[in-house]
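Reader: I'd love a close look at a single strand and its partners, one residue at a time where you can. After that, could you step back and show me something of the rest?

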Amino acid sequence: MVGHRPEARGHACVGRRTFLSALAALACGTSAARAGPPAPRRIVALDAPSTEMLVTLGMEPLGVAGLEGYRQAEGDIAALRNSVDVGFFYEPNLELLQFLKPDLFVSSFGIGAPAVLLQRIAPVLSAPIYGGSGSSHEAAAGALRRIAGEMGRRDEAETFLAGHEKRLSTVEEKMRPRHLRPVYLASPLLDGRHAILYGRNSLFDDVLRRVGMRNAFDGQSSPWGVANLGIGRLADEREAVFLYIESPVTETALKALDESAIWKTLPFVKEKRVVSIPYLEMYGALPTADRFAGILESLLDRGALDAG
Amino acid sequence: MRADAAAPAGGQPARAAVTIALVLLLAAAGLSGVTLSRLAAPAEWLGLLAGQATTDTSILLAAHSLLPRIAVGLLAGAGLALAGVVFQNVLRNPLAEPATLGVSAGAQLALVVATLWFPSIADTLRAEGIAFLGALAAILLVIAIGWSRVLSPTRMIVAGVFVSLYAGAVSGVLVLFNQHYLTGVFLWGSGSLVQNGWDAAWSLSGRLAFAVACIAMLTRPMALLSIGDESARALGVRVPAVRLAALALATALSASIVSAVGMIAFIGLAAPAIARAAGARTLSAQLVTAPLIGAGLLCLTDQFVQLAPFAREIPTGAATALIGGPLLLWLLPRMRATSVPATQPVEGQARLARPAPMLLAGCLVTALVVACALMLGRTPQGWSWLAGQDLAGMLPWRWPRVLASFMAGGMLAAAGVLIQRTTSNPLGSPEILGISSGAALGLIALLFLMPAPSQFWQLAATTAGAALAFAVILGVGARSGYAQDKLLLVGIAFGTMLSALAAVLMASGDPRMATLLSWMAGSTYGMTEGGALVTAAVGCLLLALLPLTARPLGILPLGEQVARALGIGVSRTRTGLLLLTAGLTATATLTVGPLTFVGLLAPHMTRLAGFQKPAAHLAASILAGASIMVAADWLGRSVIFPYQIPAGLFASFLAGPLFLILLRRQS
């Protein structure tokens, strides 16, 4: 079987690298990772949150899954200009990946290409954020630290984390003296009758809790933190503000909503508390959480969240 | 409801059917009262209808959301059932309903396309307008394909399934590419009755009233049609005109309903089936009772969805399938043989005198396709024919996929031949037995239970699902003496449950839906060497049994008496054939997912090409199925490199036009 040879070689390669880095870690202690063997340079990000984390750490990934869609949503990002699109996040092109010869895969969704297949090409660093039992926000911080540790970029990660903590505290301090409304955070759907709501288990819900605000949607949500509801269900919280995340479909969706009798009866519509906020990755990493905190801060400064 | 209880009511009034309708409607009314009382006290109900001015949100919700929702549920249920009765009688196929005729798939495709590329049209026409146009276009296409002197029902049904699957495949590809934006379409696909005012209720009631009036005028000629084209013509019925008018009406009606509330599974199929089972034998009895049953079923389900303490909001369309599917399975053994005229095998006059040279040519084509799939591929530099060291590097990725798609394509085609020949139903395809849907249901159930199941669990769940569906088929089959229409209904029950559950999962915005979607679209992406070898081993074992089926396949269609006279144990043979078909389908589904379009098309293509004798038909179909699947897998991973289109989906693209050409050439 000729076909098996390169695969076997790949295994040997991985084994040696893992062994060496383990040796290095033993010899130098983990904090001195930078002094050890060179940190991986040829990295492929397998989903949007890992891409986001790598960019934040100042890396330029060799390949990015779903790059085209990511660019459409996030705009032109300098660090990704030379990256290669490796296909869908759930089916990155294995032949292309083998051709690119990466030395590390970073995955955060934990779904998609089976690890057995990816490991023939390079080791997989898995840094899950969603779907676990604890807080997504803590998981996101852990994931960032984990990736930074592997890349020898601890300082960059700690700087970002410190900045993020500071921003959260600032927002919290601004919130504390004021009487604020609870918020619905949603992506309205095209049919004008439903919206996706972010609830418990979501990164945004954790940020809201952290800064001392209340999520008006407290119902059941998926393990990934979202729920799909008819808009009639949004009448429960009379005082709430309705924040919706801009996306290419929101304009059409809002037009559909404007024609709806139920939408017009909702308290936040009647009292003009419908606020748009810039695009946020639906399942983002810590940088998305930080961006959301910044959005909350500017909303506070505009007085959009104050109770009347 | 038991068959013997319904038996005395076999005459015109069909009292059992009326009783069922009344019980359903009363239950729906009772539950509606409960949901309504959660928003408004009974004393306020009259005020709600009078449109009292108020600022109380819960009263407003009751008046603008709940009441119209009840009305829409009743209207849509009645309309779907009415359309179902008309379709089933005109096309003489108990499986005909808006979904099988491409209406729903066409509407959905139109919505997807408009949302992605023509947002300005989407703005002006709104979802309803677009869905209506899509549904209309789909059925016009069905009529255009199926057009012949008398609008042959068989051709029409084949065309309907074809358009339905094809539109579904196209939407599938578009959705795979644009998941971010299409959640709204998914939600529509799962059939939600949530209302935002009375608009939908008013427009639906107007259209339903119009349709009822027209259908009332058509009842007599339609009833005459059911005794056969020749006799109807002798009695002065203008067959094509009546058929066209009835079809146009039912189409317009189902298109309006589908565009207003999305895909509501099962009502258009089940309400007429229940009415018939409860003794509504004549067309007029069915036209009266089925809509009442449909209205009751849909409204009751909708109220139940609102009251049940589910963790997440379940769209009504999904619920009708989830409740209706098991109900249908439970009813099946209790149903008497249906009184809808039997289907006719698809006509095919072409006959090859000597199939051997053609088969040889087929082998060569297959070998060529396999060679291309292994050696020719895309790299970042473009297309390249690999050899030597480069090829050796890529083969471990390629050969498992090629081998798996080859085996799966061949097995599906063989299963398709067995089903089409034993059921004499042109719709016969592996998925119609429900085994592939059962496998997929197993996987979806697993996704609800486990956040990130491993491959082992995925395989275990799909196998368990397929085995369960298979057990149900055997159970129903044994109790009904393998009556073909009942076996087909088993498949439809599983199929509707599957599409409903999948739609719920996809509307939830869960990223895991992407993996599910690609598996359901027939992706061979995760195929390992071990998996491919196991598939091949099991597949070869099953295919080796096929020569044994050639004789019974030739004799069974001649009737039970002839078969028995020729020394064939009919029920034992049927069980054996069913077992073999199920085994082939289950193995293939585990490999390439439940999109078994190839199993429907390959047998038709080869038959239309002139392979009429069972043995030659089987061999040619296996070759055709295998090459289509391998080509689909190869092109699917090459044409939009580095992105990939799942093999099952791509096979639909490839086989569709071929099938169309053969179908046209034949007329």
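**A close look at one strand**

Author: Happily! Let's start at a pairing: A:Pro188 stands opposite A:Ala195, which belongs to β9(A). Please keep in mind that this is a predicted model. A:Pro188 lies in strand β8 of chain A, which spans residues 183-188. The partner strand, β9(A), covers residues 194-198, and the two pair in the antiparallel sense through three bridges. Between these strands the hairpin has five residues, and one of them, A:Gly192, takes a positive phi near 70°.

β8(A) also pairs with strand β11 of chain A, residues 241-245. Here the strands run parallel, and four bridges join them. Within this pairing, A:Ala186 of β8(A) has A:Tyr244 as its bridge partner.

Now for the side chains. In a regular strand, they alternate between the two faces of the sheet. In β8(A), A:Val183, A:Leu185 and A:Ser187 point one way, while A:Tyr184, A:Ala186 and A:Pro188 point the other way. What about cover? Six of the six residues of β8(A) are buried, which here means that each has under 20% relative accessible area. So A:Ala186, the bridge partner of A:Tyr244, and A:Pro188, opposite A:Ala195, are both buried.

Stepping back, let's turn to empty space inside the model. Rolling a probe the size of a water molecule over the atoms shows where such space is left. There are seven cavities of 30 Å³ or more, and the second largest has a volume of about 180 Å³. Its lining has 20 residues, and those closest to its centre are A:Asn93, A:Glu95, B:Trp397, B:Arg401 and B:Arg637. Elements of both chains supply at least two lining residues each: α4 (94-100) from chain A, and β1 (376-379), α16 (388-423) and α26 (614-638) from chain B. The largest share, five residues, is that of α16(B). By character, the lining of this second largest cavity has eight nonpolar, five polar and seven charged residues.

Finally, a word on chain B as a whole. Its secondary structure consists of 27 helices and two strands. Chain B has 667 residues, and 62% of them count as buried. Among its contacts with a separation of 6 or more, 79% are between residues 24 or more positions apart. The accessible surface of chain B is about 24,000 Å², and carbon and sulfur atoms account for 70% of it.

Definitions and conventions: Residues are numbered from 1 along each chain as its sequence is written. Chains are lettered from A and ligands numbered from 1 in the order in which they are written. This is a predicted model: local features need pLDDT of at least 70, side-chain atom pairs count only at pLDDT 80 or more; totals for chains, interfaces and linings use all residues. Side-chain values use heavy atoms; hydrogens and water are left out. Buried means under 20% relative accessible area, exposed over 50%, partly exposed in between (1.4 Å probe, protein chains only). Contact means heavy atoms within 4.5 Å. Accessible areas come from the Shrake-Rupley method with a 1.4 Å probe; for residues, only the protein chains shown count as cover. On a 1 Å grid over the protein atoms alone, a cavity is a set of points where a 1.4 Å probe fits but cannot get out, and a pocket is an open set with protein on both sides within 12 Å along at least five of seven lines; lining residues have an atom within 4 Å of a point. Grid points are joined across faces, edges and corners, and a volume is the space filled by probe spheres set on the points. Ala, Val, Leu, Ile, Met, Phe, Trp, Tyr, Cys and Pro count as nonpolar, Asp, Glu, Lys and Arg as charged, and the others, Gly among them, as polar. Two strands pair if DSSP finds at least two bridges between them.
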